[in-house]
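Got the viewer open? Here is a short tour, one selection at a time.

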Amino acid sequence: FTSSFILITMIVCVGITMFLSRVRFEDFRLRHQLDSQNRELQDLDRLKTQFFSNVSHELRTPLTLILGPVENLLARGDSLDAKVHEGLMLIHRNSLRLLKLINDLLDLTRLDQGGDVLRKKTIMIAPYVKGIVESVRHLGLSKQLRIKVEEGDQNLEVVADPTRIEKVLVNLMTNAIKYTPSGGGI
């Protein structure tokens, strides 16, 4: 009876040992697979960041080539027809806005790499809002919209990132223009 008990105990111990070995091996295999997938994801993330960085730099070059001549023409503003000057100002403002968006893409890549991208400044909010509204007013004119800026305290200052505030205001204005019926007011 004792030898049967010892034999059964040995078989159970060997079985448990084999089972635990398989569990440890499967755990090791899964951890190794997870590490491999994490490395692949990190590589893809680096490629994505590099892609955005490269695209942003490539977009900045032609935009700079557009801004240069526009700024040169604007410098001769007195000799330009008023409508041409107004059109050039619109091109200039919107080119600068596009440049800011491209810079935001670059900031996003810096953020992915752990860099700080929030640039707070003190802003006189009334003229800032008015300038942004003026830069999108032409969109509303095509729908015969009346756009009015109700100015409050001209000396009200806000500490914020001007680029982020501009993005929010431009999105609000373009959505308001998009969803306001022709002849309406904003």
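Start by selecting I8, V12, I16, F19, L20 and V23: together they make a nonpolar patch on the surface. Their combined accessible area is about 560 Å². Keep in mind that you're looking at a predicted model.

Now click on I16 alone. You'll find I16 in helix α1, which covers residues 2–75. Is I16 buried, exposed or partly exposed? With a relative accessibility of 47%, I16 counts as partly exposed, because that label goes to values between 20% and 50%.

Next, highlight residues 82–112, which is helix α2. Its 31 residues reach 45 Å from the first C-alpha to the last, close to the 45 Å expected at 1.5 Å a residue.

Zoom in on the start of this helix and pick D81. What does D81 do there? D81 caps the N-terminal end of α2, with a side-chain oxygen 3.3 Å from the backbone nitrogen of K83.

Stay with α2 and show the side chains of its buried residues: L88, H92, S95, R97, L99, I102, D104, L106, D107 and T109. What covers them? Turn on α1, α3 (125–141) and α4 (162–179), which are among the elements covering the buried residues of α2.

Last stop: select Q144, in the loop between α3 and β2 (157–160). Check the backbone here, as Q144 has a positive phi of about 55° without being a glycine. Most residues other than glycine have a negative phi. Then switch on the surface: Q144 is exposed, because its relative accessible area of 55% is over the 50% cut-off.

Conventions:
Residues are numbered from 1 along each chain as its sequence is written. This is a predicted model: local features need pLDDT of at least 70, side-chain atom pairs count only at pLDDT 80 or more; totals for chains, interfaces and linings use all residues. Side-chain values use heavy atoms; hydrogens and water are left out. Patches are made of residues with over 30% relative accessible area and no salt bridge: like charges are joined within 9 Å, nonpolar side chains (Val, Leu, Ile, Met, Phe, Trp, Tyr) within 5 Å. Accessible areas come from the Shrake-Rupley method with a 1.4 Å probe; for residues, only the protein chains shown count as cover. A salt bridge is a side-chain nitrogen of Lys or Arg within 4 Å of a carboxyl oxygen of Asp or Glu. Helices (H or I, at least four residues) and strands (E, at least two) are DSSP runs, numbered from the N terminus. Buried means under 20% relative accessible area, exposed over 50%, partly exposed in between (1.4 Å probe, protein chains only). The expected span of a helix is 1.5 Å times one less than its number of residues. Contact means heavy atoms within 4.5 Å. A polar contact is a pair of N or O atoms within 3.5 Å; within protein, one must be able to donate a hydrogen and the other to accept it, and residues adjacent in sequence count only if both atoms are side-chain atoms.
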